[in-house]
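Please look through the sequence and the model below before reading on. The paragraphs that follow take up charged pairs, pockets and aromatic rings in turn.

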Amino acid sequence: MLKTPMMARGYLNRPDETNTRFASGWYRTGDVVKRDDDGFFYIVGRVDDMFICGGENVFPAEVEQRLETHPALGQAAVVAVKDAIKGTVPFAFVVLLPGETVTEEDLKAYTIEVGPAYAHPRYIQFINALPLASTNKVDKAALTRRAAKIVRARKGR
């Protein structure tokens with residue numbers, strides 16, 4: 001939550017969103033923040049990006065950060081796809097560094113090794129570049145649609 005004298009009073013012509021985000025002079029940003037042992041704060045994701053995988057909260061940004069520690073990877077983007085057992089599971093799109101190679105199974109094992117098993121990507125797709133939206137941010141909506149198609153194709157539907 002955030003409070004500042006220069007803050008807006010609400011959203012123009014959007015009373016429902018204003019009531020959801022603004023209360024008693026405070027603004028709910030939707031950012032999920034963690035504090036380390038030294039008192040430093042880190043934004044780890046957004047509430048609206050979080051999804052639940054088998055009863056566990058998964059923040060795509062945390063999975064992306066773990067993936068990007070692999071020496072063969074340059075970039076990663078994680079989205080949620082539907083799963084009959086877990087509800088939703090992580091699907092990762094990854095961009096390899098020039099000249100690097102790694103398998104999907106190696107990356108899955110790596111993410112289990114460096115993070116919680118429930119958050120490891122169940123699917124990994126290698127791509128040349130992450131698509132960008134008009135905001136110059138990764139186009140997660142396009143990746144979510146693409147991931148759903150890939151999952152359907154792998155399951156033969």
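Is Glu105 buried or exposed? In this model, which is predicted, Glu105 has a relative accessible area of 52% and is therefore exposed, since the cut-off for that class is over 50%. This residue also takes part in a salt bridge with Lys108, in which the closest N and O atoms are 3.6 Å apart. Both residues belong to helix α3, where they stand three residues apart, about one turn of the helix. Salt bridges with shared partners bring Glu105 into one network together with Glu104, Lys108 and Arg154.

Another link of Lys108 is its salt bridge with Glu104, whose closest N and O atoms lie 3.4 Å apart. Helix α3 covers residues 104-114, and because Lys108 and Glu104 are four residues apart in this helix, about one helical turn separates them. Lys108 counts as buried, at 15% relative accessibility, and Glu104 counts as buried as well, at 19%; the limit for this class is under 20%.

The structure as a whole holds five salt bridges. One of them pairs Lys140 with Glu64, and here the closest N and O atoms are 2.6 Å apart. Lys140 lies in helix α4, which runs over residues 140-154, while Glu64 lies in helix α2, residues 60-67, so this salt bridge ties together parts of the chain that are 76 residues apart in sequence. With a relative accessibility of 28%, Lys140 counts as partly exposed, whereas Glu64, with a relative accessible area of 12%, is buried.

Lys140 appears again when one turns to the pockets. The largest pocket, with a volume of about 310 Å³, is lined by 13 residues, and those nearest its centre are Arg46, Asp49, Lys137, Val138 and Lys140. The elements that contribute two or more residues to this lining are β4, spanning 41-46, together with α2 and β7, the latter spanning 73-83. Of these, α2 provides the largest share, three residues. Sorted by class, the lining of the largest pocket consists of six nonpolar, two polar and five charged residues.

What volume does the second largest pocket have? About 190 Å³ of space lies within the second largest pocket, and its lining is made up of 11 residues, of which Val81, Lys82, Ala148, Val151 and Arg152 lie nearest the centre. Strand β7 and helix α4 each supply at least two residues of this lining. By class, the lining of the second largest pocket has five nonpolar residues, one polar residue and five charged residues.

The aromatic rings complete this tour. A pair of aromatic rings is described by the distance of the centres and the angle of the planes. A search of the whole structure finds four such aromatic pairs. One of them is formed by Tyr11 and Phe22, which meet edge-to-face, with 5.7 Å from centre to centre and 75° between the planes. This pair links distant parts of the chain, since Tyr11 sits in the segment before α1 (15-21) and Phe22 in strand β1 (residues 22-23), 11 residues apart. Tyr11 counts as partly exposed, at 29% relative accessibility, while Phe22, at 15%, counts as buried.

A further pair is that of Phe91 and Phe93, whose ring centres are 4.8 Å apart and whose planes stand at 35°, so the pair is tilted. Phe91 and Phe93 are both buried.

Which residues form one aromatic cluster? Tyr11 and Phe22 are joined there by Tyr27. Tyr11 also has a charged group beside its aromatic partners: the charged end of Arg14 sits over the ring of Tyr11, 5.3 Å from the centre of that ring.

Technical notes: Residues are numbered from 1 along each chain as its sequence is written. This is a predicted model: local features need pLDDT of at least 70, side-chain atom pairs count only at pLDDT 80 or more; totals for chains, interfaces and linings use all residues. Side-chain values use heavy atoms; hydrogens and water are left out. A salt bridge is a side-chain nitrogen of Lys or Arg within 4 Å of a carboxyl oxygen of Asp or Glu. Buried means under 20% relative accessible area, exposed over 50%, partly exposed in between (1.4 Å probe, protein chains only). On a 1 Å grid over the protein atoms alone, a cavity is a set of points where a 1.4 Å probe fits but cannot get out, and a pocket is an open set with protein on both sides within 12 Å along at least five of seven lines; lining residues have an atom within 4 Å of a point. Grid points are joined across faces, edges and corners, and a volume is the space filled by probe spheres set on the points. Ala, Val, Leu, Ile, Met, Phe, Trp, Tyr, Cys and Pro count as nonpolar, Asp, Glu, Lys and Arg as charged, and the others, Gly among them, as polar. Rings of Phe, Tyr and Trp (its six-membered ring) pair if their centres lie within 6.5 Å; planes under 30 degrees apart count as stacked, over 60 as edge-to-face and the rest as tilted. A charge sits over a ring if NZ of Lys or CZ of Arg is within 6 Å of the ring centre and within 35 degrees of the ring normal.
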